[in-house]
Amino acid sequence: MKRSTAITLLGAGVAAWAGFTYFSDDSVSAAAYEDVQQCAADGRPREACERAFAQANEEHQKSAPHYARREDCEAEFGSGACNTLPGAPGGSAGSFFVPAMAGFLLANALNSGYAAQPLYRPCSDANDPRCRGSSFSGGTAGGSGGRWFFTSTGERVATGGGTTTVGRSAFTGHGSVATLSRGGFGARAASMGGGRS
Amino acid sequence: MHRLNLAPRANWRAEAERVGFTFHTSEDGKPYWDESACYAFTLREIEEDIEAPTAQLLDMCYQAVDYVLARETLLARLRIPRFLWETIAESWRRRDRDLYGRFDLCYGGTAPVKLYEFNADTPTGLFEAAVFQWLWLEASRASGTVAANADQFNSLHERLIDAWRRFGIGRDTLHFTCARGSEEDRVTVDYLRDCAEQAGIAAKFLFVDEIGITADDRFTDLEDLVIIRLFKLYPWEWLAAESFGHALARDAARIIEPIWKMILSNKGLLAVLWEMFPNHPLLLPAYFEDDPKAASLGERYVRKPLLGREGANIEIVGAGTAATREPGPYGEEGYVRQALAPLPDFAGNRPVLGSWVIAGQAGGMGIREERADVTSNTARFLPHIIVD
């Protein structure tokens, strides 16, 4: 038989799916690395590791947590860990302090569409007078010697290879974001009336 | 292959509306869905003359993506914006999955089919082929209008649901979008969304002009949530040319059809295929208009804009025939010329076969019919059957 055996349509307004909240653990399988070498040593193609690093660095430029004062940044990430970011978002160039990127996180699924994300090392040295004990998003590094890292959305992950699980927001950002404008698509259709073939 | 005159069901309009096929009749009252006739094929015709060549053409098209990406002169000739070249190459290297496409084929019962064009980016006519044509067959078998064992080349619905399952969308929300104002586009998108939901995907719709952008070039929906995966029934070249187009270089991985389809949805593909596979039996000779070899087509040929849709601006050029020119807004970007292969003629009716590919495989067919030389958006959709 060359045809479908049965056809069912859910029909318009399948509102039952809206929200989809019964999947409470909205999670993504991922791996965290401190650098390209560690990533390659974990058995991934070096080229993929380099691409992930570059992608994470690009995200870092855009979404690193930023602070108006150096001491606020160092309180979270430690002495000497923060620098100005040229052209930081939300203010005049060079006026914000951001932590250095200390690693990167990549989603395991091929074609996930997720860009690799930057990771940051929380301030964990008890002898560092600047260190406030890492209140960054409520996590603490404890005694694990800096092997804990944070995503830019504040989720804690361990580096060193192997699979870890993070919330989807680690890749997509928190829930809602600031929409700058709308209406940047659709002009051609409005002027021509439809676009199909 | 032959054409059978049939008595339309008395209630076909109500049946169409019941399943959401609202554009069954055009604005000027002419039927778009036309069950006053159907085309009948043998299984051998379907499998050997249509299904297998469709698979072969798709394979050639995939080879053409490699071929074009290796030649910047061709990317330029296809008028693909330079700022997207690397994004396209990366999307192809990643093998971003594609959902669907429709080959328009010249066939009147005699092999080989000839490729008129490939609608690789924004094909429509899907709901009527996948669903309403299937429902028509069920009803027509039951009423005795067609043989009780009549089959159809149409596993589109099953294949679409299966294809969505394999996209790896997981628990992300899949957004669907199209332009405002086209009932046909909206029905197509709603149907694909229905299939995605049946595959367990959470889906949401918004119009293309409702898409928002953030300061760092992410796309957002009306609730200010970042759009993670987007299915768009809206031409890639329009998105690229519009004011949010710059952000596509960043977000292309999230969009279906994938951005590498820009290479295949361009009518310049016809010239590229002829260059790659000269004299291939499934192809018609085709050249870019500015290629001196275009003169080899002689006095009669078809002139198609590189980025045209729905037959608009297609022109049959030739001595001895009245000039046939479809009006429309396309053509600024250049033209290809293709050898003329007249549509087959069934007592004045001129069908073109639309052979569908879903997730890389041939899976069904829809037929559009016109009483003119160029198939335009006023062509009627006729169902088909397989009987031996």
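# Surfaces, rings and charges

Visitor: How much area does chain A expose, with carbon and sulfur atoms supplying 51% of it?
Guide: Carbon and sulfur atoms supply 51% of the exposed area of chain A. Accessible areas come from the Shrake-Rupley method with a 1.4 Å probe, where for residues only the protein chains shown count as cover. On that basis, chain A exposes about 9600 Å².

Visitor: What kind of model is this?
Guide: Residues are numbered from 1 along each chain as its sequence is written, while chains are lettered from A and ligands numbered from 1 in the order in which they are written. Side-chain values use heavy atoms, with hydrogens and water left out, local features need pLDDT of at least 70, side-chain atom pairs count only at pLDDT 80 or more, and totals for chains, interfaces and linings use all residues, the model being predicted.

Visitor: In what order do the elements of chain A run?
Guide: Helices (H or I, at least four residues) and strands (E, at least two) are DSSP runs that are numbered from the N terminus. Chain A has 5 helices and 9 strands. Read from the N terminus on, their order is β-α-α-α-β-β-β-β-β-β-β-α-β-α.

Visitor: What percentage of the 197 residues of chain A count as buried?
Guide: A residue is buried under 20% relative accessible area, exposed over 50% and partly exposed in between, with a 1.4 Å probe and protein chains only. Among the 197 residues of chain A, the buried share is 41%.

Visitor: How are the rings of A:Phe53 and A:Phe104 arranged?
Guide: Rings of Phe, Tyr and Trp (its six-membered ring) pair if their centres lie within 6.5 Å, and planes under 30 degrees apart count as stacked, over 60 as edge-to-face and the rest as tilted. The search of the whole structure finds 28 aromatic pairs over all chains. In the pair of A:Phe53 and A:Phe104 the centres are 6.0 Å apart and the planes stand at 85°, so the arrangement is edge-to-face.

Visitor: How many residues apart are A:Phe53 and A:Phe104 in the chain?
Guide: A:Phe53, in the pair with A:Phe104 just described, belongs to helix H2 (residues 46-63) of chain A, whereas A:Phe104 belongs to strand E4 (residues 103-107), and the two are 51 residues apart.

The first of these rings, A:Phe53, is partly exposed at 35% relative accessible area, and A:Phe104 is buried at 0%.

Visitor: Which ring does the charged end of B:Arg95 sit over?
Guide: A charge sits over a ring if NZ of Lys or CZ of Arg is within 6 Å of the ring centre and within 35 degrees of the ring normal. B:Arg95 comes just after helix H4 (B) and takes a positive phi of about 55°. Among the residues of H4(B) that are buried is B:Trp92. The charged end of B:Arg95 lies 4.2 Å from the centre of the ring it sits over, that of B:Trp92.

Visitor: How much area do chain A and chain B bury between them?
Guide: Contact means heavy atoms within 4.5 Å, and the contact takes 48 residues from chain A and 79 residues from chain B. Buried area is the accessible area (1.4 Å probe) that two parts lose on being put together, summed over both. With 52% of it on carbon and sulfur atoms, the area buried between the chains is about 5400 Å².

Visitor: Which residue of chain B forms a salt bridge with A:Lys2?
Guide: A salt bridge is a side-chain nitrogen of Lys or Arg within 4 Å of a carboxyl oxygen of Asp or Glu, and the count between chain A and chain B is 7. A:Lys2 is buried at 14% relative accessible area, whereas its partner counts as partly exposed at 34%. The closest N and O atoms of the pair are 3.2 Å apart, and the partner of A:Lys2 is B:Glu47.

Visitor: How many residues apart are B:Asp34 and B:Arg380?
Guide: Both B:Asp34 and B:Arg380 are buried, and their side chains meet in a salt bridge (2.6 Å, N to O). B:Asp34 lies in the loop between helix H1 (12-18) and strand E2 (37-41) of chain B and B:Arg380 in strand E18 (residues 380-382), so far along the chain that the separation in residues is 346.
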